[in-house]
Amino acid sequence: MRVGAAAFLLFCALGCGVAVARAEDRRSAEQDRRSAEIESTLKRIKLPPGFSISLYALAPRARTLAIGPEGKTIFVGAEEKDVYAITPGEKTAAAVERFAPSMPFTMPHGVCFSNGGALFLVERNRVTQFDDAERTWRDAAANAKIVVKSGDLIPRNEESRGHSSRVCRVGPDDKLYISLGQPHNVTPRDKLALYEKTGIGGIIRMNLDGSQREVFATGIRNSVGMAFHTDGSLWFTDNQVDSMGDDRPPGEINRADRPGLNFGFPWYGGGHVRTNEYARAEPPKDVVFPVVETAPHAADLGVMFYRGDMFPKGYRGAMFYAQHGSWDRSVPIGARVMVTLAGTTASMSFAEGWNAGSGYYLGRPVDVAELADGSLLVTDDQNGAIYRITYQAP
């Protein structure tokens, strides 16, 4: 009986091993197929002369990027429940692994680094810190520190799927900045006081330990992209009001050089266009209007300033931003990477071709970030992909 039992266990072990191997083979084959499809799509992408784009990594629902200060690990936030840790390679990622798989996350979208190498992860209603994340991320669950506990970032009864994709940045003042999109198309009047007090529909900031929280900016509908300029000012994208027509209102890129500024929403739906709901209401005094007005309903998301030296000199200090693409427009636009050169306020297309027309997208860019070598990473949540854009003089 003992011999028979041992043989049976050995048979099961061998069978399980074969099953695992076959499952891994299927996953590998599926990844190869997806990679081939994506590489085929990338041949359609139009870039300025000398630039090229390639597939860097696959990461399901990849959204936001945080590149470690030492360049050893890239963290990718998603919109559902996963965060990924990517080990960089020379031309493509060396490895893509789930970050802290034992920790339950709810919309872990916001990822950003402090100057000291701490990774901050902002969920819909919680903020967590992971010290020395590039070196210790495999032990992340054991090293997690709660900065803002669940239910304290926003009131629980304000939790929503809508406009809850947080983004974060650590500023030159060594404070943590977090965008808090308000969950409505246009904020109801009975919510205005609560939202102004808590920073919903704005940007908040706090010390890195969560203390001294304050509302930094208000009048923001839903910002899903922030970047600090070398002059210390905070620039951010803002998505405009829906259902006002194909060509109005414009999207926004704004600049905040000090706390306490109001950027006009919900009195303004985008740019200088008044909302129907607040058309007869007196707007706040000293509303700050956007530095750059962008294409209506193109969904401007991640933004960054280019500081590298791989790209030609004309791109130094340029602002790159991702347009996710329209849903509230009869003829969709967007699904591209845009650029605004330093010293200008006009945007032009930098990488496009994912918009196949008739409302069909071959990919949807979300965020942009710069690697140490000056190349540009772009996330695409539709394809679960991360692209790398490089330059070589023609």
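# Questions on a predicted model

Trainee: In which loop is the place of P266?
Mentor: This is a predicted model. P266 does not sit in a strand but in a loop with a strand on either side, the second of them β18 (268-270). The place of P266 is the loop between β17 and β18.

Trainee: What is the form of the peptide bond from F265 to P266, cis or trans?
Mentor: Most peptide bonds are trans. For the bond from F265 to P266, omega is near 10°. That bond is cis.

Trainee: What is omega for the peptide bond from R248 to P249?
Mentor: P249 is placed in the loop between β15 (234-238) and β16 (251-256). The bond that leads from R248 into P249 is cis. Its omega is near -5°.

Trainee: What is the order of the strands in the open sheet of 5 strands?
Mentor: Strands of a sheet pair through backbone hydrogen bonds, either parallel or antiparallel. In this open sheet the pairing is mixed. The order is β10-β11-β12-β13-β17.

Trainee: Which strands stand at the edges, each with a single partner strand?
Mentor: An edge strand here has a single partner, so one of its sides is left without a neighbour in the sheet. That applies to residues 168-170 and to residues 261-262. The edge strands are β10 and β17.

Trainee: Which residue in β17 stands opposite T218?
Mentor: Strand β13 covers residues 214-218. β13 and β17 run parallel and are joined by 2 bridges. Opposite T218, in β17, stands N262.

Trainee: Which residue is the bridge partner of C112 in β7?
Mentor: Strand β6 (residues 110-113) and strand β7 (residues 119-122) pair in the antiparallel sense over 4 bridges. G110 and C112 point one way from β6, while V111 and F113 point the other way, and all are buried. The partner of C112 in β7 is F120.

Trainee: Which residue takes a positive phi in the hairpin of β6 and β7?
Mentor: The hairpin has 5 residues between its two strands. One of its residues has a phi near 90°. That residue is G117.

Trainee: Is L119 buried or exposed?
Mentor: L119 is found in strand β7. Its contacts beyond four places in sequence include A66, F75, F99, V111 and T128. The cut-off for buried is under 20% relative accessible area. At 1% relative accessibility, L119 is therefore buried.

Trainee: How many Å separate the C-alpha atoms of L119 and R22?
Mentor: Along the chain, L119 and R22 are 97 residues apart. In space, their C-alpha atoms are separated by 36 Å.

Trainee: What is the relative accessible area of T128?
Mentor: T128 is found in strand β8 (residues 127-130). Leaving aside neighbours within four places in sequence, T128 is in contact with residues including L119, F120, L121, A144 and V147. T128 is buried, and its relative accessible area is 0%.

Trainee: Which is Q212, buried or exposed?
Mentor: Q212 has its place in the loop between β12 (202-207) and β13. Although it is not a glycine, Q212 has a positive phi of about 50°. Exposed requires over 50% relative accessible area. Q212 has 59%, so it is exposed.

Trainee: Which is H297, buried or exposed?
Mentor: H297 lies in the loop between β20 (292-294) and β21. Its phi is near 65°, a positive value in a residue other than glycine. With 3% relative accessibility, H297 counts as buried.

Trainee: What is the volume of the largest pocket?
Mentor: The largest pocket is lined by 34 residues, and among those nearest its centre are I67, R169 and R307. Strands that each supply at least two lining residues include β2 (64-67), β6 and β10. By class, the lining has 21 nonpolar, 7 polar and 6 charged residues. The volume of the largest pocket is about 1000 Å³.

Trainee: How many charged residues are in the lining of the second largest pocket?
Mentor: The second largest pocket has a volume of about 530 Å³. Of its 25 lining residues, the closest to its centre are H163, N222, N239, H324 and W327. The lining has 4 nonpolar and 11 polar residues, and the number of charged residues is 10.

How values were computed
Residues are numbered from 1 along each chain as its sequence is written. This is a predicted model: local features need pLDDT of at least 70, side-chain atom pairs count only at pLDDT 80 or more; totals for chains, interfaces and linings use all residues. Side-chain values use heavy atoms; hydrogens and water are left out. Two strands pair if DSSP finds at least two bridges between them. Buried means under 20% relative accessible area, exposed over 50%, partly exposed in between (1.4 Å probe, protein chains only). Contact means heavy atoms within 4.5 Å. On a 1 Å grid over the protein atoms alone, a cavity is a set of points where a 1.4 Å probe fits but cannot get out, and a pocket is an open set with protein on both sides within 12 Å along at least five of seven lines; lining residues have an atom within 4 Å of a point. Grid points are joined across faces, edges and corners, and a volume is the space filled by probe spheres set on the points. Ala, Val, Leu, Ile, Met, Phe, Trp, Tyr, Cys and Pro count as nonpolar, Asp, Glu, Lys and Arg as charged, and the others, Gly among them, as polar.
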